[in-house]
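Work through the exercises below with the sequence and the model side by side. Try each task before you read its solution.

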Amino acid sequence: SIIVFEIKEGSKTKIEKIVFVGNKTFSDDQLKDIMSMKEARIWRFWDYDSQIYREDRVEVDVDAITKFYKSKGFPFFVVTSSHAEMSKDKRSHFCTFIMEEGDRYNIRNISLVSEVPDIKADDYKNYIRFKSRDVYDETLIYDVRDKIRKEVSLKENSFINVLVDIKYDEEKNLI
């Protein structure tokens, strides 16, 4: 006996509408600007591909929205659900992102500590580009960690790890 899998390519569908639920701090337009998916519009003819629904783009955009929020002071931001629904005429999709922002945090204090005798923490203070009272920016914090890690490994210390230890003061929204 033979088993045959028949694959049929469906037609491309446009993104009719992108909806956000739970965003309070940033507008729908601000969030749509950072996404790879775009709502289908006649005037967006030069960017046709971004208007076509692709399932893999949903996860890419969840990551983009999450990074955006975490770079703007929201360490506990999460997209709790994302889904796409095809229209009845099967020509377009409606995409919905449900999120919880959490509270916005600022930085209270920054310290750089070395537990390795040959490595002086003060030698790396110039890498820290943020200060107390700045808005928490997870992207910036981990960029600094990566730069220090690279610099330490270039000085023949390739087995030394650089860790970020974040403590939250949830009463005062400080890190």
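**Exercise 1. Place Asn23 and list what its side chain reaches.**

Step 1. Start with the backbone partner. The side chain of Asn23 reaches the backbone oxygen of Phe26 at 2.9 Å. A polar contact here is a pair of N or O atoms within 3.5 Å; within protein, one must be able to donate a hydrogen and the other to accept it, and residues adjacent in sequence count only if both atoms are side-chain atoms.

Step 2. Add the side-chain partner. Asn23 and Asp28 are joined through their side chains by a polar contact of 2.9 Å.

Step 3. Locate the residue. Asn23 sits in the loop between strand E1 (14-21) and helix H1 (28-33). Helices (H or I, at least four residues) and strands (E, at least two) are DSSP runs, numbered from the N terminus.

Step 4. Classify Asn23. It counts as buried because its relative accessibility is 16%. Buried means under 20% relative accessible area, exposed over 50%, partly exposed in between (1.4 Å probe, protein chains only).

Step 5. Widen the search to contacts (heavy atoms within 4.5 Å). Not counting residues up to four places away in sequence, Asn23 touches Asp28, Leu31, Tyr69, Met99 and Glu101.

A note on the model and its numbering. This is a predicted model, in which local features need pLDDT of at least 70 and side-chain atom pairs count only at pLDDT 80 or more, while totals for chains, interfaces and linings use all residues. Residues are numbered from 1 along each chain as its sequence is written, and side-chain values use heavy atoms, with hydrogens and water left out.

**Exercise 2. Work out how strand E3 (residues 92-100) is paired with E1 and with E2.**

Step 1. Apply the criterion: two strands pair if DSSP finds at least two bridges between them.

Step 2. Take E1. Seven bridges join E1 to E3, and the two run parallel. Lys17 stands opposite Phe94 in E3.

Step 3. Take strand E2 (residues 78-86). Eight bridges join E2 to E3, and this pair runs antiparallel. Here Ala84 stands opposite Cys95 in E3.

Step 4. Inspect the connection. The hairpin of E2 and E3 has five residues between the strands, and Lys90 in this hairpin takes a positive phi near 60°.

**Exercise 3. Is Val58 buried or exposed, and what does Val58 contact?**

Step 1. Find Val58 in helix H2 (residues 55-71).

Step 2. Val58 counts as buried, because its relative accessibility is 11%.

Step 3. Leave aside neighbours within four places in sequence. Val58 is then in contact with Met37, Tyr53, Ser82 and Phe97.

Step 4. Check a C-alpha separation. Val58 and Phe76 are 18 residues apart along the chain, and their C-alpha atoms are separated by 20 Å.

**Exercise 4. Describe helix H3 (residues 138-154) from end to end.**

Step 1. Get the span. H3 has 17 residues and reaches 24 Å from its first C-alpha to its last, close to the 24 Å expected at 1.5 Å a residue. The expected span is 1.5 Å times one less than the number of residues.

Step 2. List the buried residues of H3: Leu140, Ile141, Val144, Arg145, Ile148 and Val152. They cover an arc of only 140° around the axis, so they lie on the same side of H3. The arc is that of the directions from the helix axis to the C-beta atoms.

Step 3. Turn to the face away from the buried side. That face of H3 carries the exposed residues Lys150 and Leu154.

Step 4. Inspect the ends. At the start of H3, a side-chain oxygen of Asp137 reaches to within 3.1 Å of the backbone nitrogen of Thr139. Just after H3, Glu156 takes a positive phi of about 60°.

**Exercise 5. How many salt bridges does the whole structure hold?**

Step 1. Use the cut-off: a side-chain nitrogen of Lys or Arg within 4 Å of a carboxyl oxygen of Asp or Glu. The search finds six salt bridges.

Step 2. Examine Asp169 and Arg108, whose side chains meet in one at 2.2 Å, N to O. This pair links distant parts of the chain: Asp169 is in the segment after H3, Arg108 is in the loop between E3 and H3, and they are 61 residues apart.

Step 3. Move to H3. Asp146 forms a salt bridge with Arg145 (2.8 Å, N to O). Arg149 and Asp146 meet in another at 3.8 Å, N to O.

Step 4. Join them up. Arg145, Asp146 and Arg149 are linked in a network of salt bridges.
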